[in-house]
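Trainee: Let's zoom in on one part. Please walk me through the ligand's surroundings, and then carry on into the framework beyond them.

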Amino acid sequence: MSSATPPGTRIARDETRVSRFFAETPIPELYRWFAEETRATSPLWEAVSFWIAREPTLERLLDALPGEARQPNRFLAALRFYDAPLQPGETLRDWVVEHWAQLRATIISRPTQTNEPGRLAVLGPILASLPQPLALLELGASAGLCLLPDRLPLRPVDATGTPPADGRRLSVAARLGVDRNPLDITRDDTRRWLRALVWPGEEDRERRLAHALEVAAQDPPEVVRGDLLEHPEALVGSLVEDLRTRAPEATCVVMHSVTLGYLPRAARAEVIAAIAGTGARWLAFEDARVLPEVAALAGVAPEWGKFVAALDGAPLAWSQAHGRRVRWLSP
Ligand SMILES: C[S@@+](CC[C@H](N)C(=O)[O-])C[C@H]1O[C@@H](n2cnc3c(N)ncnc32)[C@H](O)[C@@H]1O
């Protein structure tokens with residue numbers, strides 16, 4: 001890896017707007033926000049979150065969590081992970097108090113890292129439109145489930161417009177993921193954590209994830225450790241080089257989904273520049289606010305989907321966060 005990156009390229013993690021939001025927002029306000037977020041698909045998380053927002057004992061415990069660990073999703077996933085009695089009320093409160101040491105350790109040691117194979121319903125048809133076979137590098141790959149478009153061909157439940165190609169017709173010659181904390185799906189606790197991150201009531205996501213974990217376990221995708229905040233140009237460059245050595249004839253694609261939002265704004269631009277520097281194709285699936293220049297070319301986002309999918313900076317679809325619903329755009 002080159003050490004020629006200029007000083008100042010390393011960007012402090014605590015600069016991110018998202019981290020500050022979780023670190024600084026009062027617990028009742030955070031949980032009221034999360035109740036709104038979960039209202040549409042997870043009535044149980046909505047109810048539990050509203051209850052937590054009014055529960056002084058839990059407020060004290062949760063408020064003492066460090067920084068980003070105050071993210072409601074982490075506490076709620078930990079409750080599922082340990083099979084807590086999930087109805088709002090005294091029983092749940094007492095259970096949390098009794099198990100707090102264990103819950104706290106899990107919340108602190110396990111970041112969110114939701115890995116959503118449903119996004120392949122959008123990524124697959126775009127990848128299939130490129131010359132085959134493909135060599136895929138995913139940035140922020142979590143457990144690497146989105147690296148399996150050939151082994152997990154998915155269709156969105158609800159799609160309008162014409163997809164760029166048939167997502168079932170693609171072949172992958174080489175695949176590689178990078179993550180600051182790669183998840184090993186051969187471990188039972190990792191699989192249980194990934195399942196715990198899905199909100200109760202979202203049965204379609206639970207089914208998809210269970211299937212994807214089964215398929216992935218037969219031949220787990222390789223995800224290496226690497227931090228996109230540390231010299232992204234050198235990191236992405238060396239991984240692309242590695243892929244090109246493994247599959248010299250393949251179309252090299254650097255992809256990322258719901259990852260750039262975790263980086264400070266300046267680092268996002270550095271990562272995008274790093275991808276451009278490799279000469280590989282660039283496939284992005286991100287919240288429109290994270291890619292404003294790309295989203296501006298995509299017109300008005302539908303009410304149900306504020307995520308934009310784009311190839312080489314050209315928007316191709318609006319999507320719901322988990323690929324459930326897609327509007328394909330005319331090229
Ligand atoms: C929400 S998950 C998305 C995973 C996958 N791309 C998907 O769509 O299902 C975001 C991933 O980005 C990773 N990540 C966040 N910041 C990172 C960084 N600075 N360097 C490398 N990976 C990072 C997280 O560890 C996490 O696994």
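Mentor: First a bit of vocabulary: a polar contact is a pair of N or O atoms within 3.5 Å; within protein, one has to be able to donate a hydrogen and the other to accept it, and residues adjacent in sequence count only if both atoms are side-chain atoms. Keep in mind that this is a predicted model, where local features need pLDDT of at least 70 and side-chain atom pairs pLDDT 80 or more, while totals for chains, interfaces and linings use all residues. Numbering starts from 1 along each chain as its sequence is written, and side-chain values use heavy atoms, with hydrogens and water left out.

Now the ligand. Around it sit 20 residues (a heavy atom within 4 Å counts as near), and E116, R119, E138, D179 and S257 come nearest. R119 puts a polar side-chain atom 2.6 Å from a ligand oxygen, while E138 has one 2.7 Å from a ligand nitrogen. L228 joins in through its backbone: an N or O atom there lies 2.8 Å from a nitrogen of the ligand. Alone, the ligand would expose 600 Å², and the protein buries 98% of that (Shrake-Rupley areas, 1.4 Å probe). The shell splits into six nonpolar, eight polar and six charged residues, with Asp, Glu, Lys and Arg as charged, Ala, Val, Leu, Ile, Met, Phe, Trp, Tyr, Cys and Pro as nonpolar, and the others, Gly among them, as polar.

On to the framework. Nine strands make an open, mixed sheet, ordered β2-β9-β8-β7-β6-β5-β1-β3-β4 (strands are DSSP E runs of at least two residues, helices H or I runs of at least four, numbered from the N terminus; pairing takes at least two bridges). β2 (158-160) and β4 (223-225) are the edge strands, each pairing on one side only. Inside the sheet, β7 (307-311) and β8 (314-319) run antiparallel, joined by five bridges, and L311 stands opposite A314 of β8.

Two loop details round this off. P133, in the loop between α8 (120-128) and β1, follows Q132 through a cis peptide bond with omega near -5°. Q113, found between α7 (100-109) and α8, has a positive phi of about 55° although it isn't a glycine.
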